[in-house]
Amino acid sequence: MRFVYVMDPVDRILPERDTTFAFQRATQRRGHASLHCEPRDVFVQDGDVWGRVRELRVSDSAPHFAFGGAQDVRLADVECVFIRKDPPFDSEYLHVSLMLENLRGRTLIVNDPRGLRDANEKLYALHFARHMPRTLVTSDRDRIHGFVAQVGVAVVKPLDGAGGSGVMVLSRADRNTRSIVDYLTRDGTRHAMVQEYLADVRAGDKRVLVLDGEILGAINRIAREDDVRSNIHVGGRVEPCDVTSRERTIVSEMAPRLAADGLVFVGLDFIGGKLTEVNVTSPTGVQELSRHLGRDVSEQVLAWVERRAADYRPVLPSIPPA
């Protein structure tokens, strides 16, 4: 099989952490081809969507990447297209997702481009608001200060941030609070998400990885003592953990909506049993989870892709013997 990975340049990849790298390594082990394609290399010609791709070989040893020659591939002819471009979801991402709409029903796409557009990683969780901490989304600075006065301590996030970028703590006692709110709302002209601060975050921010509605497992990310953010790339420590019965119930409730939106591989973030974010663009955590479980979780993902990709293969009519 041939799998196209629409993703960032490989020089941004951390081989010991990156989930896309793990998928490509499993692709290679299973005898398939990984074709690398940056968003700028997707194009439409004569009404069909193509990619300018290069076959990619990966290795755990440096140099970690080796490319073949460039070629143009009609994306409907490959078995799966993985959309693994890291946030932010900008205008170029939007345009590429609209071009990839042409593939729906013709080949497997993980995740569906329409689902990616609909599922802002902060706002999508509001479909399941009863499982979230107290949350406010607004550009009104007075409304934010009123919310902070009610809850005492809050966390504010830009709606287009990722990896903990721009996440800050707001407190009635902190003289920086007004400046932070002015900055993140651009003086009241841009929406931000404000959530009640959960003290349980010091015990960890749990990432639950879900494939086609089924839980693959979870990792617990522990923030440094001098940081409120627990994201791995800003220094968060990763520990093994279990998925609680409450979290499993929430995932079961979310599964039909995720399936309807074509969100196959997602990362759900929980703090103290409360849902905080739904990560859909390029969820990570597979390598850390694999180390904790003692098996390569990406193999499970690729086995699922193989089965589902077969659904898109044309069934050729049988030819009766002469």
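**Exercise 1. Which strands does helix H5 lie across, and at about what angle does H5 run to E10?**

Solution. The model examined here is predicted.
- Step 1: Locate helix H5, which comprises residues 177-184.
- Step 2: Identify the strands beneath the helix; H5 lies across E9 and E10.
- Step 3: State the direction. H5 runs at about 130° to E10.

**Exercise 2. Describe the sheet to which E9 and E10 belong.**

Solution.
- Step 1: Establish the strand order. Four strands form an open sheet, arranged as E8-E11-E9-E10, and their pairing is antiparallel.
- Step 2: Find the edges. Strand E8 (135-138) and strand E10 (168-171) are the edge strands, each pairing on one side only.
- Step 3: Consider the turn between strands. On average, and with direction ignored, neighbouring strands of this sheet are turned by 25° against each other.
- Step 4: Examine one pairing in detail. Strand E11 (residues 192-196) pairs with E8 over four bridges, in the antiparallel sense. Within E11, Met-193 is the bridge partner of Val-137.

**Exercise 3. Determine which strands helix H4 lies across, and how H4 runs relative to E8.**

Solution.
- Step 1: Helix H4 covers residues 141-151.
- Step 2: The strands that H4 lies across are E8, strand E9 (153-158), E10 and E11.
- Step 3: Relative to E8, helix H4 runs at about 170°.

**Exercise 4. Decide whether Gln-24 is buried or exposed, and list its contacts beyond its neighbours within four places in sequence.**

Solution.
- Step 1: Place the residue. Gln-24 is part of helix H1 (residues 19-29).
- Step 2: Apply the cut-off. A residue counts as buried when its relative accessible area is under 20%.
- Step 3: Draw the conclusion. The relative accessible area of Gln-24 is 2%, and therefore Gln-24 is buried.
- Step 4: List the partners. With neighbours within four places in sequence left aside, Gln-24 is in contact with Tyr-5, Met-7, Ser-34, Leu-56 and Val-58.

**Exercise 5. Assess how compact the protein chain is.**

Solution.
- Step 1: Count the elements. The protein chain holds eight helices and 16 strands.
- Step 2: Compare the radius of gyration with the globule rule. The protein chain has a radius of gyration of 21 Å, and the rule gives 20 Å for 322 residues; the two are close, so the chain is as compact as a globular protein of that length.
- Step 3: Add the extent. The C-alpha trace spans about 85 × 45 × 40 Å along its principal axes.
- Step 4: Consider burial and surface. Of the 322 residues, 51% are buried. The accessible surface is about 15300 Å², with 48% belonging to carbon and sulfur atoms.
- Step 5: Consider the range of contacts. Among contacts between residues at least 6 apart in sequence, 65% join residues at least 24 apart.

Methods:
Residues numbered from 1 in each chain as written. Predicted model: local features only at pLDDT ≥ 70, side-chain atom pairs only at ≥ 80, totals over all residues. Heavy atoms only, no water. Pairing = 2+ DSSP bridges. Helix = DSSP H or I, 4+ residues; strand = E, 2+ residues; numbered from the N terminus. Axes fitted to C-alpha atoms, helices over the stretch in contact; angles between N-to-C directions. Contact = heavy atoms within 4.5 Å. Buried < 20%, exposed > 50% of the residue type's maximum accessible area, 1.4 Å probe, protein only. Rg over C-alpha atoms; globule rule 2.2 N^0.38 Å. Areas by Shrake-Rupley, 256 points an atom, 1.4 Å probe, with all protein chains shown as cover.
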